[in-house]
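Here are my notes on the model you sent over. I've kept them to numbered points so you can go through them with the structure open.

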Amino acid sequence: MKSKLHLATIKNRLIQLANDKDSLIRVEAIAVLADFYDGDIDRQILKALEDKNSLVKIEALEAIKLPINKDAVLEKISFFLKSRNWLIKAYAIEALGRNNALQYKKEIKHILKTTKNDEIKVRAYYALIKLGEVAYLNKLFELLDNDCFMVRKVTSNTLYYLADENNTTTILEHLNKRLDKEAEYVVQETLKGTIKDIINLNLI
């Protein structure tokens with residue numbers, strides 16, 4: 001009983017912080033609230049999608065993990081597909097893929113076809129793979145050799161969330177191949193971390 005009361009106190013305090021005047025505090029509060037995720041927090045995270053601060057919006061998009069396909073929430077996320085902020089758009093694409101929003105597959109494909117932003121492409125490939133278009137995994141592998149180190153880093157991180165019993169061996173092969181020739185230290189460390197984390201999933 002005491003532990004439940006303690007958790008409730010923490011949750012309520014975090015909800016207060018999620019409404020703080022300081023945007024950085026709101027960002028951190030939303031990130032922690034995502035680990036609780038109940039009805040009250042669901043409403044708070046949806047509220048954060050309307051925040052004036054872009055970082056708070058992005059954190060809310062990353063935090064959304066729907067237990068079922070809730071059309072009203074997915075529609076709200078889909079509005080950000082038209083955002084002029086490329087990072088908000090990227091996280092919206094990722095959230096739709098993570099939450100199995102099959103009805104937005106066509107829009108994601110259109111964005112993929114028209115964008116020149118490779119970090120958006122990473123999220124679009126991820127979303128389409130999560131929505132059943134597994135052939136896009138090869139396109140994601142190609143981005144491991146992108147000229148921009150940030151694209152390579154994001155691609156490496158993304159591959160962890162796509163690993164399953166059917167593709168883990170192939171993903172590890174491509175990550176190790178990239179690691180053998182990667183010159184950028186920060187990407188080397190990301191690749192090593194992703195490889196280790198995938199191996200720890202014990203999928204093979």
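1. Is asparagine 100 buried, partly exposed or exposed? This is a predicted model, by the way, so read everything below in that light. Asparagine 100 comes out at 40% relative accessibility, so it counts as partly exposed. You'll find this residue in the loop between α6 and α7. What caught my eye is its backbone: phi of asparagine 100 is near 60 degrees, a positive value in a residue that isn't glycine. As background, most residues other than glycine have a negative phi.

2. Asparagine 202 is another one to check for backbone angle. Its phi is near 55 degrees, again positive in a residue other than glycine. Asparagine 202 sits in the segment after α12. With 64% relative accessibility, asparagine 202 counts as exposed.

3. Now to α8, which covers residues 118-130. The helix has 13 residues and reaches 18 Å from its first C-alpha to its last, close to the 18 Å expected at 1.5 Å a residue. Of those 13 residues, 10 are buried, so α8 is largely enclosed by the rest of the structure. The buried set is Glu119, Ile120, Val122, Arg123, Ala124, Tyr125, Tyr126, Ala127, Leu128 and Ile129. Note that Glu119 and Arg123 are on that list along with the likes of Ile120 and Leu128. The cover over these buried residues includes α6 (86-98), α7 (105-114), α9 (137-142) and α10.

4. Both ends of α8 have something to look at. At the start, a side-chain oxygen of asparagine 117 reaches to within 2.8 Å of the backbone nitrogen of glutamate 119. Asparagine 117 itself is placed in the loop between α7 and α8, and with a relative accessible area of 21% it is partly exposed. For orientation, its C-alpha is 16 Å from that of threonine 158, and the two are 41 residues apart in sequence. Just after α8, glycine 132 takes a positive phi of about 105 degrees.

5. Helix α2 (residues 23-33) has its own contact at the start. There, a side-chain oxygen of aspartate 22 comes to within 2.9 Å of the backbone nitrogen of leucine 24. Within α2, the buried residues are Ser23, Arg26, Val27, Ala29, Ile30 and Leu33.

6. How do α10 and α12 run relative to each other? Two packed helices are described by the angle between their axes and the distance between the axes. Here the axes of α10 (residues 149-160) and α12 (residues 185-199) come within 9 Å and cross at roughly 5 degrees. The two helices are therefore roughly parallel to each other. On the α10 side, the contact uses Phe149, Arg152, Lys153, Ser156, Asn157, Leu159 and Tyr160. The α12 side brings Val186, Val187, Thr190, Leu191, Thr194, Asp197 and Ile198. Sorted by class, the contact has seven nonpolar, four polar and three charged residues.

7. Leucine 140, in helix α9, is worth clicking on. Its relative accessible area is 0%, so leucine 140 is buried. Leaving out residues up to four places away in sequence, leucine 140 touches Val122, Tyr125, Ile129, Thr155, Thr158, Leu159 and Leu162. Leucine 74 is elsewhere: its C-alpha is 24 Å from that of leucine 140, with their positions 66 residues apart along the chain.

8. Asparagine 146 is found in the loop between α9 and α10. At 14% relative accessible area, asparagine 146 is buried. A polar atom of its side chain lies 2.9 Å from the backbone nitrogen of cysteine 148. Residues up to four places away in sequence aside, asparagine 146 touches Asp118, Val151 and Arg152.

9. Last one: where does lysine 57 sit, and is it buried or exposed? Lysine 57 lies in helix α4 (residues 54-63), and it is buried, with a relative accessible area of 15%. Setting aside its neighbours within four places in sequence, lysine 57 is in contact with Ala48, Leu49, Asp51, Lys52, Phe80 and Ile88. Aspartate 164 is 107 residues from lysine 57 in sequence and 29 Å from it in space, C-alpha to C-alpha.

How values were computed
Residues numbered from 1 in each chain as written. Predicted model: local features only at pLDDT ≥ 70, side-chain atom pairs only at ≥ 80, totals over all residues. Heavy atoms only, no water. Axes fitted to C-alpha atoms, helices over the stretch in contact; angles between N-to-C directions. Helix = DSSP H or I, 4+ residues; strand = E, 2+ residues; numbered from the N terminus. Parallel < 35°, antiparallel > 145°, perpendicular 65-115°, else oblique. Contact = heavy atoms within 4.5 Å. Nonpolar A, V, L, I, M, F, W, Y, C, P; charged D, E, K, R; others polar. Expected span 1.5 Å × (residues − 1). Buried < 20%, exposed > 50% of the residue type's maximum accessible area, 1.4 Å probe, protein only. Polar contact = N/O pair within 3.5 Å; in protein donor to acceptor, adjacent residues only side chain to side chain.
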